[in-house]
Amino acid sequence: MADHALRKAPLGRHHGGSAGARVTPAAPATRLSLRAGEDAIGTLSLAFGLELPRRPKTSASVSGRHALWLGPDEWLLIDENGADLMGIASGVSALHSATDVSHRNTAILVSGPDAAGAIASACPLDLGNAIFPVGAAARTVLGKIEVVLFRSGEEDYRVECWRSFSPYAFGLLVEGAEDAGL
Amino acid sequence: MLLIYCPYCEEERSELEFRHGGDAHIARPANIADITDEEFQDYFFLRDNPKGLIFERWRHIHGCGRFFNAARDTVSDKFVMSYKAGEPKPNLSGEPTATEKTVETYEAVEGIAK
Ligand SMILES: [Zn+2]
């Protein structure tokens, strides 16, 4: 029997895309599903080192850590450097609910001039520059599954989905990338 | 595809992100254990199913997750307005409702096809 567990990435061997839109599995990250009322936002923002966004479809990012607005009292926190987000949350006494979803989700990065087109092939969200600018984030649908979409750069999008749905999401995005290049 | 205005996201989003939640403004009786079976039936089961304007609960389940209320025309499927849960039922008595004359109904189109 093995002495220790090996990490098996859900999309370990996947790669794809087109000349205009690269589709790549994102590196592992820590994630938190955070719920809190108005009165706890200030304390939590201080603890996490970023201002939790209060406006729909917005986000806050500080050196690889992102807080995405999902609802009026709900955020998805992602730390690309694997920081212990649960540890930070447990040190906050203001009333809130934090659930570690690091391994529930995985992410797919879609980048390139056709990235928005590739995502739009299966997502009803308006991805125009004025309505979904860099930094915008929203929970929405991609084909048959729910995803959280985050625009991290001019031509860069992060698609967060449930781990077990990720081969489906990946396949759909690869198809979209090919179609967007036609 | 219908676009539905979510009062929490403050914009129109695709119907694919929403789920219908039945009639709005149905008040649960405070004395639920005391009411008669007939009164319970009225409260729990019986709905008007109107042709025209209806007030419904909707949930932006694949978006912000919130329940809200919306006024919809059951003939045209047009969303007249939507508003946050807990807000009073708006008075839309002056709002014109759709009829078979203003909306292309399935029956009418089928009639032409024949
Ligand atoms: Zn919403």
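Good morning. I begin with a single side chain: A:Arg54 is partly exposed, with a relative accessible area of 44%. The model I am presenting is a predicted one. A:Arg54 meets A:Glu38 in a salt bridge, with 2.4 Å from N to O. The two residues stand 16 apart and join distant parts of the chain: A:Glu38 sits in the loop between strand 3 and helix 1 (41-48) of chain A, while A:Arg54 belongs to the loop between helix 1 and strand 4 (59-62) of chain A. A:Glu38, with a relative accessibility of 54%, counts as exposed.

Let me set beside this a pair from chain B. B:Arg72 and B:Glu56 form a salt bridge whose closest N and O atoms are 2.8 Å apart. B:Arg72 is in strand 5 (residues 67-73) of chain B and B:Glu56 is in strand 4 (residues 53-59) of chain B, so this pair ties together parts that are 16 residues apart in sequence. Are these two residues, B:Arg72 and B:Glu56, buried or exposed? Both are buried. The pair in chain A is thus described as exposed for A:Glu38 and partly exposed for A:Arg54, whereas in chain B both B:Arg72 and B:Glu56 are buried.

I turn now to the salt bridges as a whole. Over all chains, a search of the whole structure finds 16 salt bridges. One of them joins A:Asp73 to A:Arg35, with the closest N and O atoms 2.9 Å apart. A:Asp73 is placed in the loop between strand 5 (65-71) and strand 6 (74-79) of chain A, and A:Arg35 in strand 3 (residues 30-36) of chain A, so the bridge ties together parts that are 38 residues apart in sequence. A:Arg35 itself is partly exposed, its relative accessible area being 34%.

This bridge does not stand alone. Which residues are linked with A:Arg35 and A:Asp73 in a network of salt bridges? The other members are A:Glu74, A:Arg139 and B:Arg66. Within that network, A:Glu74 forms a salt bridge with A:Arg139, the closest N and O atoms being 3.0 Å apart.

That brings me to the domains of chain A. The assignment gives domain 1 (11-28 + 103-182) and domain 2 (30-101). Their C-alpha centres lie 23 Å apart. To the contact, domain 1 of chain A gives 17 residues and domain 2 of chain A gives 14 residues. The area buried between these two domains is about 1300 Å², and carbon and sulfur atoms give 52% of it. On the side of domain 1 of chain A, A:Ala137, A:Arg139 and A:Phe150 supply 33% of the area buried against domain 2 of chain A, more than any other three residues. A:Arg139 therefore appears both in that group and in the network of salt bridges.

How many salt bridges are counted between domain 1 and domain 2 of chain A? The count is 3 salt bridges. There are also 9 residue pairs in polar contact between the two domains, both residues being at pLDDT 80 or more. On the side of domain 1 of chain A that touches domain 2 of chain A, the elements that give two or more residues are strand 8 (105-111), strand 9 (137-142), strand 10 (145-153) and strand 11 (156-162) of chain A. By class, that side has 9 nonpolar, 4 polar and 4 charged residues.

Next, the interface between the chains. The contact takes 15 residues from chain B and 18 residues from chain A. About 1100 Å² is buried between chain B and chain A, with 50% from carbon and sulfur atoms. Between these chains, too, the count is 3 salt bridges. One pairing is B:Glu10 with A:Arg55, where the closest N and O atoms are 2.7 Å apart. The rule finds 8 residue pairs in polar contact across this interface, both at pLDDT 80 or more. The side of chain B that touches chain A has 6 nonpolar, 4 polar and 5 charged residues.

I close with one more arginine. A:Arg65 is found in strand 5 of chain A, and with a relative accessible area of 15% it is buried. A polar atom of the A:Arg65 side chain lies 2.8 Å from the backbone oxygen of A:Phe48. Leaving aside neighbours within four places in sequence, A:Arg65 is in contact with A:Phe48, A:Leu50, A:Ala60, A:Ile78, A:Asp79, A:Ala83, A:Leu85 and A:Ile88. Thank you.

Notes: Residues are numbered from 1 along each chain as its sequence is written. Chains are lettered from A and ligands numbered from 1 in the order in which they are written. This is a predicted model: local features need pLDDT of at least 70, side-chain atom pairs count only at pLDDT 80 or more; totals for chains, interfaces and linings use all residues. Side-chain values use heavy atoms; hydrogens and water are left out. Contact means heavy atoms within 4.5 Å. Buried area is the accessible area (1.4 Å probe) that two parts lose on being put together, summed over both. A salt bridge is a side-chain nitrogen of Lys or Arg within 4 Å of a carboxyl oxygen of Asp or Glu. A polar contact is a pair of N or O atoms within 3.5 Å; within protein, one must be able to donate a hydrogen and the other to accept it, and residues adjacent in sequence count only if both atoms are side-chain atoms. Ala, Val, Leu, Ile, Met, Phe, Trp, Tyr, Cys and Pro count as nonpolar, Asp, Glu, Lys and Arg as charged, and the others, Gly among them, as polar. Helices (H or I, at least four residues) and strands (E, at least two) are DSSP runs, numbered from the N terminus. Buried means under 20% relative accessible area, exposed over 50%, partly exposed in between (1.4 Å probe, protein chains only). Domain bounds come from an automatic or database domain assignment.
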